[in-house]
Amino acid sequence: MRIGILGGSFNPVHKDHYLLASYIKEILSLDKFLIIPNAMPPHKNTCHISFDDRVKMLSLASFDRNGFEICDIEKDPLSPHYSYDTLEKLQKLYPHDALFFCMGMDSLAYLDKWHKGLELIKFSNLVVTGRDGYSFDDINQDVIPFIKDYGLTGTKGLGLDDNELISLQNKDFVNKHYCIILKRCFHNVSSSKIRKEFQDFYQKYQNFAKKTDFFEHIDEYPCCKHYLDQAVIEYILEKRIYKQL
């Protein structure tokens, strides 16, 4: 079985998370895809929203169906969760399956700065999507030998396009792990801007009575308008999430 893995704070989950995971699931013929919200990301201090609220929003964004599964392996809020430790646990849970851990080019560029970042490959394949503003020229010198040893890239050293990815579908990703670098880029959606838009709404329209009041002013909040599912917006408003940042 081929299993995708996408972790993060999902604070909040947005449409690009779903587009990215759906694309990788399809192009690599993954059998299922684990979505792992992190109760306490080690590198962020902005995640003050409860784990349960973020899981609920993931569910509202369709991450609990169609081959996706919300995994609570990082639900403990008392200690930070590192990708190395999570992948080690998952590899023990799925010892005969191929794991595909997803990240952006911005993360790969500084993978040597992660906790045992260059050792993630012991437990899982890495799938790297493009990021606007990042290229191979931005990769730290200590990461370059890692890419030479494990990297799968396209022609001229660029990311793999869709046709090149399809040709990998029969490759053995269980007994040997690779760093699969994709050409496809996704929007670099700013979760902090989404949170600030909600805070601005609460401050500007303090006496709003109905969730529909937000949608009457949706054009004032372009990040929410373009990148959030309606059900997620309604849940945030119902719970007054992001009223205080």
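**Legends to close-up views of the predicted model**

**View 1. The open sheet of seven strands.** In this predicted model, seven strands form an open sheet in the order β3-β2-β1-β4-β5-β7-β6, and their pairing is parallel. Strands β3 (68-70) and β6 lie at the edges, each pairing on one side only. Seven strands and 10 helices make up the secondary structure of the chain. The radius of gyration is 19 Å, close to the 18 Å that the globule rule gives for 245 residues, so the chain is as compact as a globular protein of that length. Taken along the principal axes, the box filled by the C-alpha atoms is roughly 60 × 35 × 35 Å.

**View 2. Strand β7 and its partners β5 and β6.** Strand β7 (residues 179-186) runs parallel to β5 (residues 125-131), and five bridges join the two. On this side, C185 in β7 stands opposite G130. Strand β6 (residues 151-152) also runs parallel to β7, to which two bridges join it. One residue pair to look for here is L152 with its bridge partner in β7, I180. In the strand order, β7 sits between β5 and β6, and β6 is an edge strand.

**View 3. Helices α1 and α3 on the sheet.** Helix α1 (residues 15-27) lies across β1 (2-8), β2 (32-37), β3, β4 (98-104), β5 and β7. The direction of α1 is at about 135° to that of β7. Helix α3 (residues 83-93) packs on the sheet as well, where it touches β1, β2 and β4. The directions of α3 and β4 make an angle of about 160°.

**View 4. The packing of helix α2 against helix α10.** Two packed helices are described by the angle between their axes and the distance between the axes. For α2 (residues 51-60) and α10 (residues 230-239), the angle is about 150° and the axes are 8 Å apart. Angles over 145 degrees count as roughly antiparallel, so α2 is roughly antiparallel to α10. The crossing of α2 past α10 is right-handed. On the α2 side, the contact is made by D53, K56, M57 and L60. On the α10 side, the contributing residues are A231, V232, Y235, I236 and K239. Sorted by class, the residues of this contact are six nonpolar and three charged, with no polar ones.

Note on methods: Residues numbered from 1 in each chain as written. Predicted model: local features only at pLDDT ≥ 70, side-chain atom pairs only at ≥ 80, totals over all residues. Heavy atoms only, no water. Pairing = 2+ DSSP bridges. Helix = DSSP H or I, 4+ residues; strand = E, 2+ residues; numbered from the N terminus. Axes fitted to C-alpha atoms, helices over the stretch in contact; angles between N-to-C directions. Parallel < 35°, antiparallel > 145°, perpendicular 65-115°, else oblique. Left-handed = near helix turned anticlockwise from the far one by under 90°. Contact = heavy atoms within 4.5 Å. Nonpolar A, V, L, I, M, F, W, Y, C, P; charged D, E, K, R; others polar. Rg over C-alpha atoms; globule rule 2.2 N^0.38 Å.
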